[in-house]
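Reader: I am in my first year and new to reading structures. Please pick one part of this one, look at it closely, and then show me how the rest fits around it.

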Amino acid sequence: GPLRVLLAYDPLHGGQHAEFLGKLAWPQDAVGQVASVIESMLPSHLPDWIVKRARDAVTEAMSQAWVREHKQEREAKEQELRKYTESLPALFQSSPPLVVEGNPAEQLLELIERQQPSIVVVGKAMKNFFDRLFVGSVSEKILAHANCSVLVIPATTV
C-alpha cells in the first residue's frame with residue numbers, strides 16, 4: 001500500500017518541521033495526517049464519590065463554564081492544525097488533522113497502534129536533564145514503543 005505518514009504537531013517547532021518535510025521527496029501516492037494532543041478535560045478515572053456528589057447551582061455553573069472553555073480550546077487547536085497543514089507537503093492536506101486528549105506520549109502511541117502508519121514524525125525539543133528525568137520525553141517514548149519507523153526531527157535541524 002501507499003506510504004502512510006503520521007506527523008505529531010509541535011507548536012514550538014512546527015515551522016521548522018514543515019520546512020524540513022518540504023525538502024524531502026515523497027512518493028506520489030503517500031498519504032499523511034497531522035495529529036496534536038491537548039490536555040484532557042478530566043482525569044481518566046473519577047472516584048465514585050465525585051460522580052455521586054450532588055451539585056449545587058454554583059458548582060454546576062462552574063463545570064459548564066469549564067466544558068465550554070475546553071470545547072473552545074479544542075476548536076482553536078483544530079483550526080490551528082488546519083492552518084498549519086497548509087504549510088506542509090501535499091500528502092498532509094488530503095486528511096483532516098486529528099486532535100486527541102490526554103498524555104501526549106500515551107495518546108500518540110495509541111493513535112499509532114490504531115492507524116498503523118508506515119512512519120511517524122515527531123520533534124525533539126532540547127530539554128535539560130531534569131525535565132527529561134522527571135517529565136520524560138515524548139519523542140523518546142515514541143521511539144522506544146512505536147510499532148513503525150520513527151523520524152525524529154531535532155529542534156535545530158533546519
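Author: What follows starts with a single strand, then moves outward to its surroundings.

First, some ground rules. This is a predicted model, in which local features need pLDDT of at least 70, side-chain atom pairs count only at pLDDT 80 or more, and totals for chains, interfaces and linings use all residues. Residues are numbered from 1 along each chain as its sequence is written, and side-chain values use heavy atoms, with hydrogens and water left out.

Our part is strand β4, residues 119–124. Helices (H or I, at least four residues) and strands (E, at least two) are DSSP runs, numbered from the N terminus. Five of the six residues of β4 are buried, so the strand is largely enclosed by the rest of the structure. Buried means under 20% relative accessible area; exposed means over 50%; partly exposed lies in between (1.4 Å probe, protein chains only). Across the chain of 158 residues, buried residues make up 31%.

What encloses the strand? Start with its partners. Two strands pair if DSSP finds at least two bridges between them. Strand β1 (residues 4–8) runs parallel to β4, joined by three bridges. Leucine 7 has valine 121 as its bridge partner in β4. Strand β5 (residues 149–154) also pairs with β4 in the parallel sense, over six bridges. There, isoleucine 119 stands opposite serine 149 of β5.

Now step back to the sheet. It is open, has five strands and runs in the order β3-β2-β1-β4-β5, with parallel pairing. β3 (98–101) and β5 stand at the edges; each has a single partner strand, so one side of each is left without a neighbour in the sheet. From one strand to the next, the twist averages 25 degrees. Follow β1 to its other partner. Five bridges join β1 to strand β2 (residues 31–38), and these two run parallel. Leucine 7 turns up again here, opposite valine 34 in β2.

Helices come next. α3 packs on the sheet and touches β1, β2 and β3; its direction makes about 150 degrees with that of β2. Axes are lines fitted to C-alpha atoms, for helices over the stretch in contact, and angles run from 0 to 180 degrees between N-to-C directions. α1 lies across β1, β4 and β5, at about 120 degrees to β5. Look at α1 (residues 14–22) itself: Gly14, His17, Ala18 and Leu21 are buried. These four cover an arc of only 100 degrees around the axis, which puts them on the same side of α1. The arc is that of the directions from the helix axis to the C-beta atoms. The buried residues of α1 pack against β1, α3 (57–85), β4 and β5. Contact means heavy atoms within 4.5 Å.

What fills the space between these pieces? In soluble globular proteins, nonpolar side chains tend to be buried together. A nonpolar core here is a set of buried Ala, Val, Leu, Ile, Met, Phe, Trp, Tyr and Cys residues joined through side-chain atoms within 4.5 Å. The largest has 17 residues, of which Leu7, Leu21, Val34, Tyr84, Leu88 and Phe92 touch the most other members. β1, α1, β2, α3 and β4 each supply at least two residues of this core. Take leucine 88: leaving aside neighbours within four places in sequence, it is in contact with Leu7, Ala18, Leu21, Val34 and Gln93. A second, separate core of 11 residues includes Leu6, Leu108, Ile112 and Ile142.

Look also at the approach to β4. Glutamine 116 lies in the loop between α4 (104–115) and β4. At 34% relative accessibility, glutamine 116 counts as partly exposed. Most residues other than glycine have a negative phi. Glutamine 116 is not a glycine, yet its phi is positive, at about 50 degrees.

Finally, place β4 in the whole chain. There are six helices and five strands. Along the sequence, the pattern is β-α-β-α-α-β-α-β-α-α-β. Among contacts between residues at least 6 apart in sequence, 82% join residues at least 24 apart.
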